[in-house]
Amino acid sequence: MRSLAEDKDDRLWVGTRNGLQRFDLRTGQVTTFHLPDENQRIIYTLYVDPQGRLWVGTDGGLSVYDEKTQRFHTYNNKNSWLVTPDGKKTRMTYYSVKSMVQAPNGDLIVGTWSSDLLRLRRGTHTFLRYPAFNAIHSAYSLCYDHRGRLWVGSWGNGVARIDYPDDVHHPGVKTYPFTTGNFDIFLSIVEDPVTHCLWAATREGICTINTNDDQAQWQKITSIDGTSLNYSNSIATDLSGNIWVLTQNNGVIQTTFDRSPFLCYNLDMGQQSFPVNFVSSLYTPDGNTFWLGLNPYGIARFDRQTGTTLFNHDIPGFSNIPAGALSTSFSSIIRRSNGDLWFADNNYGIIVKKAQGNAEVLDVSNTPWLKENFVNTIFESKKHTLWIGQHSGLSMVLPDGRGFPVTLRQGNRDISNCDIRGISEDRKGNIWLATDNEGIICIVKPDGRHARMNVRQYAPQQGNFAVDDATNCLQDHAGRLWAISNSGGLFLYNAADNRFEAKNRDYHFNGDRILAIAQDNKGDLWLTSDRGLIRLCLGKDNEPTDVNYYTNEDGLGDLLFSENSIATYGREIYLGSRHGFIAFDPSAMSKKQKTNYRLIITDIVVNDEPWQQMTDSTLRQRISEESPSFTRRLTLPTSVKKISFDFALLSYGNAEKNIYSYMLEGYDDDWKYCAGGSHSATYQNLPSGTYHLRVRAAGSNGQWQEMGYRITVRVLPPWYASWWAYLIYIVLLCAATFAMVFWYREHLRTQNRLRMGVMLTNITHELLTPLTVIYATIYKLRSMAPQYEDEYGVIDNNIQRTKRLLTQILEVRKSQAGQLRLKVSRGDLAAFVSNVVEEIRPMAEQKHISLETALPEKETTAWFDTDKIDKILYNLLSNAIKYNHNDGHILLWLAVKDSKAVISVEDNGIGMDKQQLNHLYTRFFDGDYRRQNTGGTGIGLALVHELVKLHHGSIRCQSSKGVGTTFTVTIPVNKKTYPPRDRQLGNQQGRRQRDDAQSH
């Protein structure tokens, strides 16, 4: 790769030694372009102007990309002109383009390998050539500074400054001295927008110049922190004042040349053989002499002016101290109001250095008011009372020298056995004890006359402090009372609720450990933590106006802070560190500039597969068609069980100090913070629904900013919970409901029919009995009064008609109950049909209807059920008579063929339409009997239909309205058709068997 440029459509153009590639940052699509000529194969430089046009520099000259045609237009000797410094206009000659930049008026400034500096007039094909700046006519690198001056770097002849670049004939050139082979090849030049210094990359290293100083010279830098800068090919700056150098042999190097506000003082160990890990306590009376408590053991006195350090017995006045008393750590140093220095010895009591005299040791053997020899901290109140915090309690020393151990009680509970780590006093004179096992204890305005004191405790069991341990308390200039802890971080006292409230989360501190606290003259709080130094600036409402973080990249050195290892004098603050101490003046430090960096999504990991490495490209397209940095909406199918979002704040410098938090709206109740330098959010097995991912971050300046957009995450439900599945469920539920309703209705109808059928059967049986009695009575009356024979005939016909009707009803009931059985026997079907016709003929004669038959002349032997055939014929003939006109005609014909009998009944009556034919065999369908004034029950044809099917036959009807109706019944007459249970030996068959026996 030789060059890079990004256009306005989020596409990255990459110039290589073999053509040009375009990478679509949104979709990941890569397109390769090759310019037409061989001398355009190597792409030296790319430039996107403010109008969004891409310019390409090659050995074949200058080319511009046409977005519409997707082709490159080259400015060459066929279409372009060159105006020389003396005003001559000629055809464009050969030129190799190495750099480009646009002038304020829109002209394009073109740097070449050996054709001087060129200026392409906007909208033309005319180039203006500047006068030569060097002997080899080289203009390899270009840069405009904030004052509008153009800097031109050459290949082998140093750099030139053009003060009036718009005046081609009199540009005002200033050249800078150089030595051949030493900072003479300027490969890249940039201006830092923060400091307005120019930075250049050369073969020998990098160099810089202050553009605001016209007399300044280039300052050469050959290495950074021992890393060589030879063959620096490119250089860039960011908005944070960081310099980025691309080297040929050592990769990318990032550094800053800002002067550090922190002064680190390392102790000169000299001939000392004992190890010193860090300074655990410090005190200075004047900002020059520093008394230091060391860890793992010892005391030191450091002279800031001379840089000399004295240790232990070498310190004047300490020669008489036993060596054992100096072989431990010292965690607190104070100067009393009388000038004496007191040192808290962690194993041997207290060392007191008199203002005038030698040091002495106070321990339990010679000091009755000491509870033990393990002393953690010492504090003198405004009333000059000395408070001594020990590993297992508290002691106090009055100004007159009297002292005694203190008993601490809250109500009936004795909390004297507490490990005290810090002691402080508020404006009201209350003493605050920070302990390692009993939280915070407040001694309310002690009078110094009593050893037993009632106190207020702040601890988890009291519900007014979240943790058991505290390191120290501090009341600031505004009267706010703060507490710090090893496990809870920073707390602020709420006087209204009488409790300490945790502030780490509110102030977005990373981690739960604050080691020391102090306040500067401006009222800002300074806190030490495992991650570095924190500057907290608060407003009147206790909300932070600024939170700044400082680490080793800001000049703090190798960080290792200790508890309460902090001191102040004048405007300076001092911090104990690993190899000495750090001094700085907060008033001379400007607050870190507020800068809004870009916060972006850098990657999306699906089921543990990074976005670009997903093996299933179809799934990737289904989730999002855009790359992670540009996607605004994700659709997750059910196959995605785990998804992670990687994000980054593009602050570049001090990136390890960036803090991130995120929240998935609809799933998370509150912001979640990334711990341990992590910058990703992971979710597994998300329920189906729509969520919105929000991300925010804070850089080293402590300024929180939220990502400028939210990512909508739509998790699709499984197929059985999708919308179309629910639609199917609804349809099925509706269908099931309809089926249940239909079944229930039919069930009710069936129950009603069964009840009515049972009732009808009972009524039918009850009616048959009196009919039999009536018939017997008529038979008796015939013998007693024969003169009424005609009347008897009428009564007899109606009795038979009624019996036939009731019998039909019973047959229908048997059919419904499945109890209707065939009883076929062999007989003469033609003779049987003839008899039935003769029985019904009087009914036809009554209406003057002609009833004719067409029967076989020979005996027609067949197997049939006489009862069923009788009912079939009777109903068909009676219907033909009922629904016929007076003087009408009926024809019944019979034919037997292929073991089947066909019976047809034809009439020329009223006929039926198609609608009536559709309901022909429906029970209780009464047809037109009311219009015809004929009686009917609506069960005749239904019974015929069932009897025909029972007889293994079929029935067919043909009818036309006003023409007539024909019923055709086909039944089998072969014995084999009927199973043995349906057969019955009749009288005719029995007689034939007897005749056969007599003949033998």
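Modeller: Two strands are said to pair if DSSP finds at least two bridges between them, and the strands themselves, like the helices, are DSSP runs numbered from the N terminus (H or I and at least four residues for a helix, E and at least two for a strand). The model is a predicted one, in which local features need pLDDT of at least 70 and side-chain atom pairs count only at pLDDT 80 or more, whereas totals for chains, interfaces and linings use all residues. Residues are numbered from 1 along each chain as its sequence is written, and side-chain values use heavy atoms, with hydrogens and water left out.

Colleague: What makes strand 21 and strand 22 a pair?

Modeller: DSSP gives 3 bridges between strand 21 and strand 22 (residues 219-221), which run antiparallel; set against the requirement of at least two bridges, the two strands therefore pair. One of the contacts across them is that of Ile 206, whose bridge partner in strand 22 is Ile 221.

Colleague: How many bridges join strand 20 to strand 21, and which residue is the bridge partner of Trp 199?

Modeller: Strand 20 (residues 197-202) is joined to strand 21 by 5 bridges, again in antiparallel fashion, and Trp 199 has Thr 208 as its bridge partner in strand 21. The hairpin formed by strand 20 and strand 21 has 3 residues between the strands, and there Gly 205 takes a positive phi near 150°.

Colleague: Which strands are the edge strands of the open sheet that holds strand 21?

Modeller: This sheet has 4 strands in the order 19-20-21-22, with antiparallel pairing. Strand 19 (186-191) and strand 22 are its edge strands, since each pairs on one side only, and the twist averages 20° from one strand to the next, where an axis is a line fitted to C-alpha atoms (for a helix, over the stretch in contact) and angles run from 0 to 180 degrees between N-to-C directions.

Colleague: Why is strand 21 called largely enclosed?

Modeller: A residue is buried if its relative accessible area is under 20%, exposed if over 50%, and partly exposed in between (1.4 Å probe, protein chains only). Of the 5 residues of strand 21 (residues 206-210), 4 are buried, so the strand is largely enclosed by the rest of the structure.

Colleague: Why does Thr 407 count as buried, partly exposed or exposed?

Modeller: Thr 407, which lies in strand 40 (residues 403-410), has 25% relative accessibility, and because this value falls between the two limits it counts as partly exposed. Contact means heavy atoms within 4.5 Å, and, leaving aside neighbours within four places in sequence, Thr 407 is in contact with Asp 414, Ser 416, Ala 451, Arg 452 and Met 453.

Colleague: Why is Lys 914 assigned to its class of accessibility?

Modeller: Its relative accessible area is 72%, so Lys 914 is exposed; this residue belongs to helix 6 (residues 914-918). The C-alpha atoms of Lys 914 and Lys 961 are separated by 8.9 Å, although the residues are 47 places apart along the chain.

Colleague: Why is there no bond between the sulfur of Cys 442 and the closest cysteine sulfur?

Modeller: A disulfide is a pair of cysteine sulfur atoms within 2.5 Å, and the closest cysteine sulfur to that of Cys 442, in Cys 473, is 8.9 Å away, which is too far for a bond. By this rule the count comes to 0 disulfides. Cys 442 is buried, at 0% relative accessibility, and Cys 674, with 6%, is buried too.

Colleague: How do you know that helix 7 is mostly covered?

Modeller: Helix 7 (residues 940-950) has 8 buried residues of its 11, among them Leu 941, Val 944 and Leu 947. Just after the helix, His 952 takes a positive phi of about 60°.

Colleague: At what angle do the axes of helix 5 and helix 7 cross, and which residues make the contact?

Modeller: The axes of helix 5 (residues 866-882) and helix 7 come within 9 Å and cross at roughly 145°. The contact includes Ile 872 and Leu 876 of helix 5 together with Leu 943 and Val 948 of helix 7. By class, the contact has 8 nonpolar, 3 polar and 2 charged residues, where Ala, Val, Leu, Ile, Met, Phe, Trp, Tyr, Cys and Pro count as nonpolar, Asp, Glu, Lys and Arg as charged, and the others, Gly among them, as polar.
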